[in-house]
Each structure stands twice: as structure tokens, then as C-alpha cells.
Amino acid sequence: MEPRISIITLGVRNFSSSFRFYRDGLGFRTKANESDGIAWFETTSGVLLGLYPMDKLAEDIGADVTVPVAGGFSGITLAHNVLRKEDVATVLTFAAKAGGTIVKPAQDVFWGGHAGYFTDPDGYHWEVAWNPGATWDAAGNLTI
């Protein structure tokens, strides 16, 4: 198996609200329409971000969804890494204006970087981070 992630799909409680948050608020590109009931958003790294109604995703998996993600920690974070330390606060502010909630403001962190967190309308946690030791490839992708 190749070490690859092609799509990250989020189960969402209110598809229309989440669709507008990512498309209109954060500016993610998509060919989907709000009425489609499923959406794939493009990222600069090539990984697609999918949105699908939580109940339908659970049905597809065969899982029971009795407790929604919002209000708790799902055990998953998504990350947006930035090139400059000051960009962390800028991205957090942008996300808040789009309808997200800042849960940890931009601050220096134990590993030597600078980071903060916001949640989307469904409570999924996004880390916004600057790592002084990060390297980037020619396409602008974070490398290890």
C-alpha cells in the first residue's frame, strides 16, 4: 500500500451551513453545488476535503451516531500550516469571520512553534501552526 491520503470526509450535521462555511467563508474551491448533498473541496496539496451528512456517512459505514461531534473532541484534528509566525493569528481571525470558533488563540507552543485552534460549524478542530523548522517543497507542500 502506498502512504497516501486522497480524501478526508467530514460527517456534518447541517450540510448547507458547512458547505457555505468552507466555500464562502474559508474560500475552498469546489465544483459542487449546495443542493448536491455531498461536496469535494480542492486543496493546494491535492488532498480533497469532503462534506457529507453525518447520518448518511454513519449509514454508509454501518455505525451508530447517537452523539454529534460538536461540543466534544472527536480525536481528530485537521491542520493548516503557515509560512510565517504572524500568519497564525491572521488565519484564525479569517476562520472566525467565516463562522468558525477560536478555541485556542495564537500562542507560542511547547515544541517551539506558534499555533492556535478553531472549530468549524460541526465542531471539527483545525490547528493553524507555524513551525520554525518546517521545510516546504517547490509546490508549497509541507515536507518532513
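At the start of helix α1, a side-chain oxygen of N14 comes to within 3.3 Å of the backbone nitrogen of S16. This contact is a convenient place to enter the structure, which is a predicted model. In helix α1, which spans residues 15-25, the buried positions are F15, S18, F19, F21, Y22 and G25. An α-helix has 3.6 residues a turn, so residues three or four places apart point the same way. Beyond the helix comes G27, and its phi is positive, near 80°.

Just ahead of this helix in the sequence, strand β1 covers residues 7-12 and includes G11. G11 has a relative accessible area of 3% and is therefore buried. Setting aside neighbours within four places in sequence, the residues in contact with G11 are Y52, M54, L57 and Y124. N33, by comparison, is separated from G11 by 22 residues in sequence and by 17 Å in space, taken from C-alpha to C-alpha.

Attention now turns to strand β8, formed by residues 125-130, where 6 of the 6 residues are buried. H125, E127 and A129 point one way from the strand, while W126, V128 and W130 point the other way; both sets are buried. Strand β8 has pairing partners of both senses. Strand β5 (residues 77-81) runs parallel to β8 and is joined to it by 5 bridges, with H80 standing opposite V128. Strand β7 (residues 114-119), in turn, pairs with β8 in the antiparallel sense over 6 bridges, and here T119 faces H125 from the opposite position. The hairpin of β7 and β8 has 5 residues between its strands, and within it G123 adopts a positive phi near 85°.

Two of these strands also lead to the largest pocket, whose volume is about 1,100 Å³. Its lining comprises 29 residues, and those nearest the centre are T43, S45, A79, H80 and W126. W126 thus belongs both to this central group and to the buried residues of β8, and H80, also in the central group, is the residue opposite V128. Strand β5 makes the greatest contribution to the lining, supplying 5 residues. At least two lining residues each come from β4 (48-53), β5, α3 (87-98) and β10 (142-143). Sorted by class, the lining holds 17 nonpolar, 10 polar and 2 charged residues.

How values were computed: Residues are numbered from 1 along each chain as its sequence is written. This is a predicted model: local features need pLDDT of at least 70, side-chain atom pairs count only at pLDDT 80 or more; totals for chains, interfaces and linings use all residues. Side-chain values use heavy atoms; hydrogens and water are left out. Buried means under 20% relative accessible area, exposed over 50%, partly exposed in between (1.4 Å probe, protein chains only). Helices (H or I, at least four residues) and strands (E, at least two) are DSSP runs, numbered from the N terminus. A polar contact is a pair of N or O atoms within 3.5 Å; within protein, one must be able to donate a hydrogen and the other to accept it, and residues adjacent in sequence count only if both atoms are side-chain atoms. Two strands pair if DSSP finds at least two bridges between them. On a 1 Å grid over the protein atoms alone, a cavity is a set of points where a 1.4 Å probe fits but cannot get out, and a pocket is an open set with protein on both sides within 12 Å along at least five of seven lines; lining residues have an atom within 4 Å of a point. Grid points are joined across faces, edges and corners, and a volume is the space filled by probe spheres set on the points. Ala, Val, Leu, Ile, Met, Phe, Trp, Tyr, Cys and Pro count as nonpolar, Asp, Glu, Lys and Arg as charged, and the others, Gly among them, as polar. Contact means heavy atoms within 4.5 Å.
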